[in-house]
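Biologist: I would like the labels on this model justified. Take me through the reasons.

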Amino acid sequence: MESCPTCRQKYTLGALFCLECGTQLVKAGYDDTLPAITGTQSSYAEPPLAFEKSPPESISLLVLESKQEIILTGSSTYSLGRSSEGQAEGLDIDLAPFSAYEKGVSRKHAQITIQEDGVHITDANSSNGTQINGIKIVPERSYRLNSGDVLYFGQLKVQILF
Amino acid sequence: MDKEENFYTRLGLPFNATPEEIRRAFREAALRLHPDTNVEVGATELFLGVKEAYNVLSDASLRSEYDSKLSPEATSDPELTTSTLYSVTSLQRIGNPQLVYLLLDLENKIGVESKRPHPINLCLVIDTSSSMQGQAMDTLKAGAIELIRQARPHDTISVVCFNDWAQVLVPASRHLDPSQAETRIQMLQPGGGTEIFQGLEAGFNETRRYLSPNNANHIILITDGRTYGDEAACYYLANQAVSEGIVIDAIGIGNKWNDVFLDNLAVMTGGSCMYVIHPQDLHHFLSSKLAGVSKNYAERVAYHFNPSQGVSLSYAMRMHPDIAPLENQPVIQLGSIPGGSRLTVLFEFLNQGIISEGDVFTLASGKLSMDIPSKIIPKHSIPLNITRAIGGYHMMDPLPSRLVEAVARMTVYRMQERARKDAASGRLDAAQRTLQYIAMNLMSKGNRELAQTVMKEIATLEEKQDLSEEGKKQIKFGTRVLTNLHSGLP
């Protein structure tokens, strides 16, 4: 039996939501076609595995609409958001050049960290939330990512590769 | 089975064709195609095909056997379409228990306005206990009078009021004297207690006098209080109402009424239960309820089902026209199909493992029964077998978003039910935890107001070791409201 990623309660095969805490356990109506990229898409029914070798030195974020690439390198913690009127205090990655404002990205939206057991993301209580492969995540809680996962910051769609 | 052609389409008939229609269709086809009169190539084959179809459909027992094998798509008719959305495409033969979700839509596309409207046989059962004094009573009087003024020649409207006993204010009659009825309603004076059984029984007797499957037979119970000691008698009466074809709807005003009891009472009969927080909103609820009753395409829709070994129905919930949990019984009253709209129900089946051979597994066999008052023969039934292919466990991909949204709603509703149960039996930690999850869930869906109500109840639970009556109702009915929904939603 699988366990819910939020509350660890076991759930029955075929469950769409965790009955204990209401977390969505499946991808919802997710029908976007992705560019052919290696790496599997994780669903929260199967938590991704830890690094098999060493943690990656850089992470790439592919903005799917404009096909632009953002490289995260030289640190193990990156805070993401959008600058406002030129102010980008506390931000490592400014998403403003990617229509972040129109797409509902918060000033402080999320944090990506590289840890021993994998790459993690935490939503920084953003107004419009963060989704992993179509699943909205609980704010202030860390989720492990797989290379190839598709993230939404508000409406801004990004694929993470490492 | 071939979806395009079946014996009905071969004869150009709807699935619910009457025996007379079948005979007529065959005669017409025979005249055109009989080998003696038609020498065109292929006509003989066509005629043999028509004859084959007629032989089966004209024999009641052969027809019902044939019907039970037809797919739901084949049994659709232009007035009523049945469609299903499943969460899985196939199931595994052995292994762990599996859940199967089914979203069932019964849709009437035409509406009833274009047809002859069916008569309504309706009884208003009004609580006149002393607490109803003021705005609630005034609104109810106005509503009752409006109802009587709007009655059409074939309608039967009756009004019963009750406190410690019941009084038939306006008896059911085809020869209603509107001015006399209005005067009697105007004279109503609130006072006394709330004995719901008294009122319900009197209302039941009035409704019964003009009972017909060609009518919409409804009792609308309106109360603001709790009844003591007569709940069992009320349930007994509700069962009787079901067997005679009477629907009980309930409207609860304010915070003191027993929502669990009234909800059960309504659900048993296929009716709905509404929560009116402020008496000034009562008029709106009452008029929308009454408008709904006369516009229903089908009444008393029930699902009769027989689960296969190892399969059980774990939950059933109506998702449209209103959201309400349904009674988990071998015959489930689903409600009514609104004209020009649809009745949507979500089922959760738990399958413990497949024993049968073959490629297809029937989770449950059964049928839907209903009354379509506008038809000369109003009794109507549609076979509904819940089947899935056997061949490894596969979820539908992508999952239909309407189904996911419906299950999301069911989940929050069930969490709310569990929190109430835990709170009532002193498991305060569990109740608190669940409420916290509910609040988080509502927040993430943008329903801040209800999330705040839930947070307030967490505090109340801490302080008073119980939930407040107001909070319990607001959370329960708040998780049922249809607003704030995803666009594709029921």
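Modeller: The questions below go from the interface to single residues and then to salt bridges.

Biologist: What should I know before reading the values?

Modeller: This is a predicted model, where local features need pLDDT of at least 70, side-chain atom pairs count only at pLDDT 80 or more, and totals for chains, interfaces and linings use all residues. Residues are numbered from 1 along each chain as its sequence is written, chains are lettered from A and ligands numbered from 1 in the order in which they are written, and side-chain values use heavy atoms, with hydrogens and water left out.

Biologist: How many residues of chain A and chain B are in contact?

Modeller: Chain A contributes 21 residues and chain B 23. Contact here means heavy atoms within 4.5 Å.

Biologist: What area is buried between chain A and chain B, and which residues of chain A lose the most?

Modeller: About 2000 Å² is buried between the two chains. That is accessible area (1.4 Å probe) lost on putting the two parts together, summed over both. Carbon and sulfur atoms give 67% of it. On the chain A side, L13(A), L16(A) and L19(A) lose the most area to chain B, together 31% of what that side buries.

Biologist: What makes E20(A) and R418(B) a salt bridge?

Modeller: The rule asks for a side-chain nitrogen of Lys or Arg within 4 Å of a carboxyl oxygen of Asp or Glu. E20(A) and R418(B) meet at 3.9 Å, N to O, so the pair passes. The rule finds two salt bridges across this interface. It also finds five residue pairs in polar contact there, both residues at pLDDT 80 or more. The chain A side that touches chain B divides into twelve nonpolar, five polar and four charged residues. Nonpolar covers Ala, Val, Leu, Ile, Met, Phe, Trp, Tyr, Cys and Pro; charged covers Asp, Glu, Lys and Arg; the others, Gly among them, are polar.

Biologist: Which secondary structure does chain A have?

Modeller: Chain A has zero helices and 13 strands. Both are DSSP runs, numbered from the N terminus: helices are H or I with at least four residues, strands E with at least two. Buried residues make up 53% of its 162 residues.

Biologist: Why is E65(A) called exposed?

Modeller: Its relative accessible area is 64%. Exposed means over 50%, buried under 20%, partly exposed in between (1.4 Å probe, protein chains only). E65(A) is over the upper cut-off, so exposed is the right word. The residue lies in the loop between β3 (58-63) and β4 (68-73) of chain A.

Biologist: What makes E65(A) and K103(A) a polar contact?

Modeller: Their side chains come to 2.8 Å. The cut-off is a pair of N or O atoms within 3.5 Å; within protein, one must be able to donate a hydrogen and the other to accept it, and residues adjacent in sequence count only if both atoms are side-chain atoms. The 2.8 Å value is within that distance, so the pair qualifies.

Biologist: Why is E182(B) called buried or exposed?

Modeller: E182(B) has a relative accessible area of 17%, which is under 20%, so it is buried. It lies in helix α6 (residues 178-186) of chain B. A181(B), E182(B) and I185(B) are buried in α6(B). They cover an arc of only 100° around the axis, so they sit on the same side of α6(B). The arc is that of the directions from the helix axis to the C-beta atoms. The buried residues of α6(B) pack against α5 (135-150), β5 (156-162) and β6 (166-170) of chain B.

Biologist: How do you know that R402(B) and D105(B) form a salt bridge?

Modeller: Their closest N and O atoms are 2.9 Å apart, so the pair meets the salt-bridge rule. R402(B) is in helix α11 (residues 401-424) and D105(B) in strand β3 (residues 98-107) of chain B, 297 residues apart. At 5% relative accessibility, D105(B) counts as buried.

Biologist: Where do K472(B) and E469(B) lie?

Modeller: Both are in helix α14 (residues 469-478) of chain B, three residues apart, about one turn of the helix. Their salt bridge is at 3.3 Å between the closest N and O atoms. K472(B) is buried at 17%, whereas E469(B), at 30%, is partly exposed.
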